[in-house]
Amino acid sequence: MYRTVYLKRGKDESLRRFHPWVFSGAIARIDEGIGEGDVVRVVDSKGEFIAVGHYQEGTITVRVLAFDDVEIDSDFYCWRISAALEMRRSIGLAGSESGNTYRLVHGEGDMLPGLIVDIYDHTAVMQSHSIGMHLSRQTIVDALRRVFGDNLTAVYYKSEGTLPFVEDISATDGYLYGSAGDNVATENGLQFHIDWLRGQKTGFFIDQRENRLLLQRYSAGKNVLNMFCYTGGFSVYALKGGAAMVHSVDSSAKAIELTRKNVELNFPGDVRHEAFCDDAFRFLDGCKDKYDLIILDPPAFAKHRGALHNALKGYTRLNVKAFERIRKGGILFTFSCSQVVSMTHFRNAVFTAAAQARRQVRILHFLHQPADHPINIYHPEGEYLKGLVLYVE
């Protein structure tokens with residue numbers, strides 16, 4: 001029997017609406033002996049069961065795994081992972097002939113808060129964002145093997161940089177099952193080297209897949225600038241779309257190396273592409289009226305709500321630079337992946353940038369995260385990626 005977390009009177013309303021978080025201020029008391037990452041039952045002030053989830057000290061104290069009084073074991077993870085896989089199959093991602101790269105588990109969006117699993121061909125890269133998922137990692141691996149069978153040859157664990165600090169608990173990145181010799185995965189018929197050992201996130205920004213495909217449609221004959229290029233995903237799609245020239249820029253030498261490898265993998269010897277290791281603002285200062293299409297996909301400017309004001313100033317400043325540099329009739333793809341920055345916040349920052357640059361701008365598209373990064377309808381906080389495609393006169 002799991003130990004119990006007792007809520008204050010009237011603090012069960014959000015859980016009754018299936019929001020998957022219990023905040024510390026809602027808790028009246030907890031049973032003795034509850035430790036970080038333990039599975040706990042949550043009950044209301046009358047002692048009636050509401051949910052079961054992982055306990056963790058902090059503002060979000062319980063992350064709900066189920067609103068039924070079930071055992072959180074290998075069968076439970078098999079059930080959740082099977083449901084996640086079936087959804088990816090139903091939307092044509094899992095088992096697609098044109099690609100073998102997709103997100104299998106997206107935290108709260110797949111009702112497994114604190115867990116990320118990305119599939120790269122026959123390798124799963126797993127990431128824990130909660131102590132509970134970290135402690136359950138081997139059970140999750142066993143469930144993945146049961147669900148995928150021979151189609152899964154390796155599970156790589158990559159959580160050193162994502163787990164919250166807890167004394168006596170640490171994560172070491174490495175293979176929990178099997179090993180992978182080939183790190184090349186396919187997306188929309190294009191191939192990419194995936195560096196899950198040293199790369200950011202799980203090695204690739206899967207969440208931009210559909211936005212990259214849209215960019216491909218706009219790239220024919222254009223001079224393209226891909227800022228914060230990382231693995232060069234947008235650059236490769238621009239080349240496939242028939243761009244006249246593509247420049248990739250990142251401050252990381254490793255990112256530039258990986259971008260060059262991915263361009264060479266798909267377009268060997270293509271002289272249309274050049275990569276630069278440089279600061280974004282410095283590079284933009286020296287390239288006025290050179291590019292017809294610019295992509296701005298920076299890392300998150302705000303990791304928490306306290307950084308929101310400075311983040312919005314940063315997005316405004318960056319977009320001003322792009323508006324000032326882009327050619328007349330150019331197209332700007334601009335993004336924010338900061339969860340605390342809403343689409344309204346971001347749109348206002350870009351609006352301010354356009355006004356400061358004194359350019360006439362029209363919105364062509366609102367962009368979001370793709371379907372394999374689903375948003376739980378009861379957890380709107382799961383919406384993090386937002387973007388705009390703009391026509392600049």
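Author: Buried means under 20% relative accessible area, exposed means over 50%, and partly exposed is in between (1.4 Å probe, protein chains only). This is a predicted model, so local features need pLDDT of at least 70 and side-chain atom pairs count only at pLDDT 80 or more, while totals for chains, interfaces and linings use all residues. Residues are numbered from 1 along each chain as its sequence is written, and side-chain values use heavy atoms, with hydrogens and water left out.

Reader: What makes strand S14 mostly covered?

Author: Five of the five residues of S14 (residues 223-227) are buried. "Strand" here is a DSSP run (E, at least two residues), and a helix is a run of H or I with at least four, both numbered from the N terminus. S14 is covered on both faces: Asn223, Leu225 and Met227 are buried on one side, and Val224 and Asn226 on the other.

Reader: How do you know that S14 and strand S15 are joined?

Author: Two strands pair if DSSP finds at least two bridges between them. S14 and S15 (residues 245-250) run parallel with five bridges, so they pass that cut-off. Methionine 227 is placed opposite valine 249 of S15.

Reader: Why does threonine 123 count as buried?

Author: Its relative accessibility is 3%, and the limit is under 20%, so threonine 123 is buried. This residue belongs to strand S9 (residues 123-128). Leaving out residues up to four places away in sequence, threonine 123 touches Asp118, Leu152, Ala154, Ala180 and Trp196; a contact means heavy atoms within 4.5 Å.

Reader: What sheet has S9 in its order?

Author: An open one of five strands with mixed pairing, ordered S7-S8-S9-S10-S11. Its edge strands, each pairing on one side only, are S7 (101-106) and S11 (174-178). On average, neighbouring strands of this sheet are turned by 20 degrees against each other, direction ignored. Strand S8 (residues 115-120) pairs with S9 in the antiparallel sense over six bridges, and isoleucine 119 has alanine 124 in S9 as its bridge partner.

Reader: How do you know that histidine 54 is buried?

Author: Same kind of check: its relative accessible area is 3%, against a limit of under 20%, so histidine 54 qualifies. You'll find histidine 54 in strand S5. Not counting residues up to four places away in sequence, its contacts include Gly37, Asp38, Thr61, Val62, Tyr77, Ser130 and Met133. Arginine 347 is another story: histidine 54 and arginine 347 are 293 residues apart in sequence and 36 Å apart in space, C-alpha to C-alpha.

Reader: What order does the six-stranded sheet have?

Author: S2-S6-S5-S4-S1-S3, an open sheet with mixed pairing. S2 (21-23) and S3 (27-30) are the edge strands, each pairing on one side only. The twist averages 35 degrees from one strand to the next. Helix H2 (residues 74-90) packs on this sheet and touches S5 (49-55) and S6 (60-66), with its direction at about 80 degrees to that of S6. In the same sheet order, strand S1 (residues 3-7) pairs with S3 in the antiparallel sense over three bridges, and tyrosine 6 stands opposite arginine 29 in S3.

Reader: Why is H2 called oblique to H4?

Author: H2 and helix H4 (residues 137-148) pack at about 50 degrees, with their axes 9 Å apart. Axes are lines fitted to C-alpha atoms, for helices over the stretch in contact, and angles run from 0 to 180 degrees between N-to-C directions. Under 35 degrees is roughly parallel, over 145 roughly antiparallel, 65 to 115 roughly perpendicular, and the rest oblique. About 50 degrees falls in the rest, so H2 is oblique to H4. The crossing is right-handed: the near helix is turned clockwise from the far one by less than a right angle, whereas anticlockwise would be left-handed.

Reader: How do the residues of the H2 contact with H4 divide?

Author: Nine are nonpolar, three polar and two charged. Ala, Val, Leu, Ile, Met, Phe, Trp, Tyr, Cys and Pro count as nonpolar, Asp, Glu, Lys and Arg as charged, and the others, Gly among them, as polar.

Reader: And what makes H9 oblique to H10?

Author: The axes of helix H9 (residues 308-325) and helix H10 (residues 343-357) come within 8 Å and cross at roughly 40 degrees. That angle fits none of the named ranges, so H9 is oblique to H10. This crossing of H9 and H10 is right-handed. Among the contact residues are Leu308, Leu312 and Phe323 of H9 and Phe346, Ala349 and Val350 of H10. The contact of H9 with H10 divides into eleven nonpolar residues, five polar and one charged.
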